[in-house]
Every structure is written in C-alpha cells, then in structure tokens.
Amino acid sequence: MGCLHCIGKPRKRLGSDYYSNSPKHTNKKINNVSEDKNKVRVELNGRANGNKREVNSNDDKNQLSLDVKKLKLREDDGNTSNVNKAMTFTFDELAAATGNFRPDCFLGEGGFGKVYKGHLDRINQVVAIKQLDPHGLQGTREFVIEVLTLSMVDHPNLVKSIGYCAEGDQRLLVYEYMPLGSLENHLHDLPPGKRPISWNTRMKIAAGAAKGLEYLHDKMKPPVIYRDLKCSNILLDEKYHAKLSDFGLAKVVPSGDKSHVSTRVMGTYGYCAPDYAMTGQLTFKSDIYSFGVVLLELITGRKVIDHRRPEKEENLVAWVCQCSFN
Ligand SMILES: Nc1ncnc2c1ncn2[C@@H]1O[C@H](COP(=O)(O)OP(=O)(O)OP(=O)(O)O)[C@@H](O)[C@H]1O
Ligand SMILES: [Mg+2]
C-alpha cells in the first residue's frame with residue numbers, strides 16, 4: 001500500500017502495525033498521496049474512465065458547476081430540488097461578515113484551514129466560515145466534494161451548508177453556525193470548572209450521529225460513505241442536538257449492492273478502520289467502525305489516541321480490546 005501522511009505533517013505509513021505506529025499527534029488526517037490530488041472529476045463521477053484532466057485553480061469554478069450538474073445524487077423520492085441550492089459569496093462579503101477574519105471571531109482550526117464566526121447581512125444569519133488553507137494538500141479536492149455533497153443532502157443530523165466562495169485562489173465554505181461547537185470540545189481537555197456532559201446527553205449525541213450516518217448510508221441514492229466520523233466532526237446546537245460536518249472525504253458508492261469501493265486511504269488516525277487502512281477497500285462498515293470509536297470516547301471519556309497515558313493505554317481501541325480479553 002502507499003505511503004500515508006498527515007496533511008501538513010510528517011509522513012507516516014499505515015499497515016499491519018497500525019495500532020502501534022500511529023503518529024505522535026492525534027486526530028490528524030491521513031491520506032495516500034501516491035495518487036494525483038487533482039483527480040477530482042474522476043472520483044466524483046464514480047467512474048475510472050482514465051479521464052484525469054488536471055484541475056488547476058483557474059479551472060475550479062467551471063469544474064464546480066460542471067460536477068454539480070453531472071453528479072446524479074438524489075433522495076429516495078427522487079427529489080432533486082436540493083441540487084445547486086448552495087449560494088455563492090464574494091470574498092469581500094465573507095471578509096465583511098467576519099470583521100476581516102478578526103481573531104475574536106476565530107472558532108477553531110482543522111487540517112484544512114481556520115473557521116470563523118460571522119454575520120452575513122445578505123441573509124441576516126450568523127454563520128461559520130471555513131477558510132481553506134491555500135497551501136493545504138487536499139484543499140481543492142475536498143472543497144469541491146464538500147460543496148457537492150452538502151448541496152445534495154438534507155437531514156436534521158447533518159450540518160447545513162449555506163454556500164461557498166471560489167474567487168481567485170480563495171476557497172471558503174459557509175455553514176450554519178453551531179453554537180456549542182464540536183463534541184470534542186465537550187469531552188476532552190475541559191477548562192477548569194466546566195462540568196462533563198451527562199450520560200443522557202452523551203447518548204442523545206450518539207443517537208443523533210447514528211441518524212445522520214443512517215441517512216447517508218440508507219436514504220441517499222446512491223448511498224454515501226462518510227469516511228470522517230470523529231468527535232471533532234460532530235457539531236452541537238444549543239440543545240446538544242448533533243449534526244455531522246465535513247464531507248470533504250465523503251465517497252459516493254456508484255452501485256448500492258457493491259460490497260466495497262477501492263480508493264485511496266483517507267481518514268483520521270484512530271478512527272480509520274484497520275481493514276480499510278490496510279487494503280484501501282472502503283465499505284459502509286468503515287464508517288460503522290469509526291462510529292464505534294466515537295461511542296468508546298463517549299462512554300469512557302478518553303481520547304482516541306492519548307500520548308499522555310501509559311503506552312498500553314495510548315490507543316483507546318487497543319486498550320479496550322486488551323481490557324475485554326483479560
Ligand atoms: N459550523 C460550525 N459551527 C460552529 N463551530 C464550528 C463549525 N464548524 C467548525 N467549527 C469549529 O471549528 C473547529 C475546527 O473545525 P474543522 O472541521 O476545520 O477541523 P477539525 O474537525 O478539528 O479537523 P479536520 O480538519 O480533520 O476535520 C471545530 O472543532 C469547531 O469547534
Ligand atoms: Mg472537522
């Protein structure tokens with residue numbers, strides 16, 4: 001299998017030594033860079049027709065609208081009214097919404113850029129704006145997939161996409177604002193005095209995430225494998241209602257009864273199913289594995305990978321397996 005690396009971080013190989021060899025930083029994206037990162041179009045349309053036309057930044061705008069038209073995702077009832085509902089924004093509009101990306105509007109940062117809170121005057125709504133790091137390795141690909149997937153899905157347990165900006169080199173995504181941030185913020189490294197979330201709330205969050213996943217797997221036609229289920233991608237509204245976010249790695253399964261999709265390995269250390277990491281064969285069960293890891297985090301309150309713990313307890317799944325066999 002290919003060489004895997006954490007975006008923007010040193011490379012690391014995944015294989016049969018998956019558990020013992022995870023990198024010394026947690027929750028980082030992995031991806032097999034041996035494939036051309038510009039094969040966006042081939043993957044989106046679910047066919048390996050050898051059409052590897054390069055997508056450079058000048059092509060992206062056209063590519064976006066082309067792919068939106070070609071992708072034939074629809075819900076069970078065949079309703080295609082959601083297609084193309086994403087709004088486009090100018091960079092100036094988004095800069096104004098965030099006070100020119102003021103530090104006090106900063107919400108957090110992931111592998112693909114910074115997230116800011118803002119107010120969009122045009123729609124009079126508080127939003128979260130994710131500005132993709134122009135130097136990120138997977139920015140363009142994930143940006144396109146994110147816009148496409150989110151403009152096709154509509155479910156109370158999936159974060160709502162409002163629109164995007166693809167102006168010059170700038171790539172920004174606009175989402176509904178989720179006031180309580182991510183589940184990760186409520187489970188780990190709590191500030192002094194902050195009470196851990198209750199057992200009932202934990203179960204409510206797990207059920208919400210499961211419903212979002214069920215929608216992607218069972219209601220979407222063709223179905224979608226999410227590929228990036230983890231605590232930081234479960235966002236919470238003011239009542240701890242959970243919504244899945246970040247669809248940049250989502251994979252459309254061309255034919256429903258296919259047992260797997262062969263693809264490059266992408267995901268996050270600790271959450272990525274070992275069989276997928278080792279073979280590159282992605283299945284719906286890969287998401288279920290990641291869901292199981294989130295459940296373990298919810299139940300134990302431990303991080304998926306925690307290098308502050310004794311060596312045998314660093315990897316949550318390995319630790320739980322050990323406990324149950326002893
Ligand atoms: N729609 C949103 N509403 C409120 N806060 C958000 C929203 N989206 C993201 N955030 C905040 O921004 C942080 C960073 O999100 P982001 O998805 O960029 O990174 P991540 O999930 O930590 O890592 P990765 O890049 O691997 O997905 C989240 O942890 C959350 O606190
Ligand atoms: Mg995320």
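Me: Helices (H or I, at least four residues) and strands (E, at least two) are DSSP runs, numbered from the N terminus. What does Gly301 do just after H8?

Reply: Gly301, which follows directly on H8, takes a positive phi of about 75°. The model is a predicted one, in which local features need pLDDT of at least 70 and side-chain atom pairs count only at pLDDT 80 or more, while totals for chains, interfaces and linings use all residues. Residues are numbered from 1 along each chain as its sequence is written, and chains are lettered from A and ligands numbered from 1 in the order in which they are written.

Me: How do you know that the span of H8 agrees with its number of residues?

Reply: The expected span is 1.5 Å times one less than the number of residues. For the 17 residues of H8 (residues 284-300) that gives 24 Å, and the end C-alpha atoms are 25 Å apart, which agrees.

Me: Which residues of H8 are called buried, and what puts them on the same side of H8?

Reply: Buried means that 20 or more other C-beta atoms, placed from the backbone, lie within 10 Å of the residue's own. In H8 this holds for Ser286, Asp287, Ser290, Val293, Val294, Glu297 and Leu298. The arc they cover around the axis is only 145°, which puts them on the same side of H8; the arc is taken from the directions from the helix axis to the C-beta atoms.

Me: Why is S8 called mostly covered?

Reply: Six of the eight residues of S8 are buried. S10 is also described as mostly covered, with five of its seven residues buried.

Me: What makes S8 and S10 a pair?

Reply: Two strands pair if DSSP finds at least two bridges between them. S8 and S10 (residues 170-176) have five, in the antiparallel sense, so the condition is met. Ala128 stands opposite Tyr175, and Ile129 has Val174 as its bridge partner.

Me: Which strands form hairpins with S8 and with S10?

Reply: S7 and S8 form a hairpin with four residues between them, and Asn124 in the turn has a positive phi of about 50°. Eight antiparallel bridges join S7 (residues 113-120) to S8, with Gly118 opposite Val127. S9 and S10 form a hairpin with two residues between them, where Gly168 in the turn has a positive phi of about 55°. Six bridges join that antiparallel pair.

Me: Why are S5 and S6 said to stand at the edges?

Reply: The open sheet of six strands has the order S5-S9-S10-S8-S7-S6, with mixed pairing. S5 (87-88) and S6 (106-110) each have a single partner strand, so one side of each is left without a neighbour in the sheet. S5 pairs with S9 (residues 161-167) in the parallel sense over two bridges, and Met87 stands opposite Gly163.

Me: Which residues come nearest to ligand 1, and which element gives the most to its shell?

Reply: Of the 24 residues around ligand 1, the nearest are Gly108, Gly110, Ala128, Met178 and Ser232; a residue counts as near if its C-beta atom, placed from the backbone, lies within 6 Å. S6 gives the most to the shell, with four residues.

Me: How do you know where ligand 1 lies with respect to domain 1 and domain 2?

Reply: Domain 1 (4-16 + 180-325) and domain 2 (29-176) both give residues to the shell, so ligand 1 lies between them. The bounds come from an automatic or database domain assignment.

Key: A residue is buried if 20 or more other C-beta atoms lie within 10 Å of its own, exposed if 12 or fewer, and partly exposed in between; C-beta atoms are placed from the backbone.
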